[in-house]
Amino acid sequence: MAAIPALLEVRGLGMRFGGIVALDDVSFTARRGEITAVIGPNGAGKTTAFNCITGFYRPSVGSLHLTHTDGRGFALAAMPGHLIARRARVARTFQNIRLFAGMTVLENLLVAQHVPLMAATGLGVLAILGLGRYRAAERRAIDKAKTWLERIDLIARADDPAGALPYGAQRRLEIARAMCIDPVLLCLDEPAAGLNPRETAALDALLLGIREQGCSILLIEHDMGMVMRISDHIVVLDHGRKIGDGMPAEIRANPHVIAAYLGEDEEAAEALARAEAP
């Protein structure tokens, strides 16, 4: 079987904040068309790695290389964050939901598409007149937003304020908003945090569907059951260093991983040990 091509290659990634080493020589590969989970105890460096990948931090050392299917490469560590989203097509969500609470559910998805809409305005004239390519671009943006609202079962609440949605629905809306930029890599920072089992199952289905449509996913998550159910590949960090890298079955049996979780949280270690693939 041919090897699955790499989408994101992280090599020798290091991040220091003064005398604090948050990441120390971390390397891993996220392959195209897969869900790659980054796990580890609290303070392991997971969110710092995400912030480096998505342009919120400039790493102290190391390289981050993303390759599109057409062969175009992007050195993420040298790019401003807004270009990582726009040109490299890397989208992300955050631990804390960052929706525009006062805007409608539909408007939140249209805001995510502001770049193609602005490009179609013709310096604002076409938007004012409602003519030409802007009108067509606006219709495409609305159609895309409605398609995602149907997928996340929120089409009936399209005109409601986003802040009025239940917590689990806000989580799904944030993921849909990220998908409206048509990313090749979707980075999710603890998307299952605060969800009940029914909402987590719905999230599982949503993420597997996103993977099936060709978008790769990089996932930080503490819910070990979810990680083991949906991940193709798992990277484990502890105190800023990589201590595990492999398929779910390999990670579940890795003594270094088990020891790290036992030192952090006995319940988390037990969850890791009993998590079984479906």
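Colleague: How many of the six residues of strand β9 (residues 233-238) are buried?
Modeller: This is a predicted model, where local features need pLDDT of at least 70, side-chain atom pairs count only at pLDDT 80 or more, and totals for chains, interfaces and linings use all residues. Residues are numbered from 1 along each chain as its sequence is written, and side-chain values use heavy atoms, leaving out hydrogens and water. Strands are DSSP runs of E, at least two residues, numbered from the N terminus. β9 is largely enclosed by the rest of the structure, because the buried count (under 20% relative accessible area, 1.4 Å probe, protein chains only) is six of the six.

Colleague: Which residues point the other way from H233, V235 and L237 in β9?
Modeller: In a regular strand, side chains alternate between the two faces of the sheet. Here both sets are buried, and opposite H233, V235 and L237 you'll find I234, V236 and D238.

Colleague: Which residue of β10 stands opposite V235?
Modeller: Strands pair if DSSP finds at least two bridges between them. β3 (residues 35-39) runs parallel to β9 over four bridges, with V38 opposite V235. β10 (residues 241-246) pairs with β9 in the antiparallel sense over five bridges, and there V235 faces D245.

Colleague: Which residue in the turn between β9 and β10 has a positive phi?
Modeller: The two strands form a hairpin with two residues between them. The phi is about 50°, and the residue is H239.

Colleague: Which side chain of opposite charge is nearest to R177?
Modeller: R177 belongs to helix α7 (residues 167-179) and is buried. R177 has no salt bridge (a side-chain nitrogen of Lys or Arg within 4 Å of a carboxyl oxygen of Asp or Glu). At 4.0 Å away, the nearest is E174.

How values were computed:
Buried < 20%, exposed > 50% of the residue type's maximum accessible area, 1.4 Å probe, protein only. Lys, Arg positive; Asp, Glu negative; His and termini not counted.
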